[in-house]
Amino acid sequence: MPRVIAITSEKGGVGKSTLAVHLAGAFHERGQATVLVDEDGRVGSSLRWAARADGPGLGFPVVAPDDVKPKKLAAAVAVLIDTEGRPKRKELRRLSERADLILVPSGVSALELDATRELLDFLLEAGDVGRQSRVVLTRVPPVGHAGEDARENLRDEGLTVCNTLVRQYAAYQKAAELGVLARDVRDPRAGVAWTDILSLSRELR
């Protein structure tokens, strides 16, 4: 059975789909057969991202829930789910039945961190869902200590936070426009951006 990782958030603009696409790409690059399922039927950012690709594309399948093939999933090592934006509470509870790990991306601003705390509080109250949840700090300013400070503050509050900080670089926006991964764009920081994602993928195994 593949490992299922769901990526969800209650706050828009934190890079949920950017993280989903790139994390799937990192697992694929590391030799793990990966499928990305875009469950955000209203926006469909991951599907739109893949549709922009010209040439070989992302290298891994991005599918809508209705197009999921059991054989394809059975052959995968990792299945990533890009959930709908601001999912309903009942949908969040169902994630515990489907996902081995739930990643909650969050920026480092006060409003983003407050929304993340509220979501994690709910997940922790839901029992198993909370125990399999981790915060990923995204869109972290490359300069300064805002990411490190936010990570340690959340940990002091008892939340589980990934070590890796995904820093904010223009390479991600360029990648979305081209339908590729950040490593594949012409940008002086593209390699650094991709290194952050690879580091996160190794942390998650």
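This is a short tour of a predicted model, from its nonpolar cores to its salt bridges.

**Stop 1: the largest core.** Select Leu23, Leu36, Leu80, Leu103, Leu200 and Leu204. Of the 37 residues in the largest nonpolar core, these touch the most other members. Now colour the elements that give two or more residues to this core: strand 1 (3-7), helix 1 (16-29), strand 4 (78-82), strand 5 (101-106), helix 8 (170-178) and helix 9 (190-204).

Centre on Leu80. Leaving aside neighbours within four places in sequence, Leu80 is in contact with ten residues' worth of names to click through: Ile5, Ile7, Ala20, Leu23, Ala24, Phe27, Thr34, Val35, Leu36 and Val37. Apart from this core lies another, of 27 residues. Ile81, Leu113, Leu137 and Leu159 are among its members.

**Stop 2: strand 5.** Select residues 101-106. Six of the six residues in strand 5 are buried. Which residues are on each side? Leu101, Leu103 and Pro105 are on one face, and Ile102, Val104 and Ser106 are on the other. Both faces are covered.

Next, show the partners of this strand. Strand 1 pairs with strand 5 in the parallel sense, over three bridges. Look for Ile5, whose bridge partner in strand 5 is Leu101. Strand 6 (residues 133-137) also runs parallel to strand 5, joined to it by five bridges. Here Ser106 stands opposite Leu137.

**Stop 3: Ser133.** Stay in strand 6, where Ser133 lies. Is Ser133 buried or exposed? Ser133 is buried, because its relative accessible area is 4%, and the cut-off for buried is under 20%. Beyond neighbours within four places in sequence, the contacts of Ser133 are Ile102, Leu120, Leu123 and Thr160. For scale, draw a C-alpha to C-alpha distance from Ser133 to Asp40: 20 Å in space, with the two positions 93 residues apart in sequence numbering.

**Stop 4: salt bridges.** The whole structure holds ten salt bridges. Start in helix 5 (residues 110-125). Asp114 and Arg117 are bridged, with the closest N and O atoms 3.2 Å apart. The two sit three residues apart, so about one helical turn separates them. Asp114 is partly exposed at 39% relative accessibility, and Arg117 is partly exposed at 22%.

Move to Asp196 and Arg167. Their closest N and O atoms are 2.8 Å apart. This pair links distant parts of the chain: Asp196 is in helix 9, while Arg167 is in the loop between helix 7 (146-156) and helix 8. Asp196 is buried at 6%, whereas Arg167 is partly exposed at 27%.

Finish with Glu29, Arg183 and Asp184, which a network of salt bridges links.

Methods
Residues numbered from 1 in each chain as written. Predicted model: local features only at pLDDT ≥ 70, side-chain atom pairs only at ≥ 80, totals over all residues. Heavy atoms only, no water. Core = buried A, V, L, I, M, F, W, Y, C linked by side-chain atoms within 4.5 Å. Buried < 20%, exposed > 50% of the residue type's maximum accessible area, 1.4 Å probe, protein only. Helix = DSSP H or I, 4+ residues; strand = E, 2+ residues; numbered from the N terminus. Contact = heavy atoms within 4.5 Å. Pairing = 2+ DSSP bridges. Salt bridge = Lys/Arg side-chain N within 4 Å of Asp/Glu carboxyl O.
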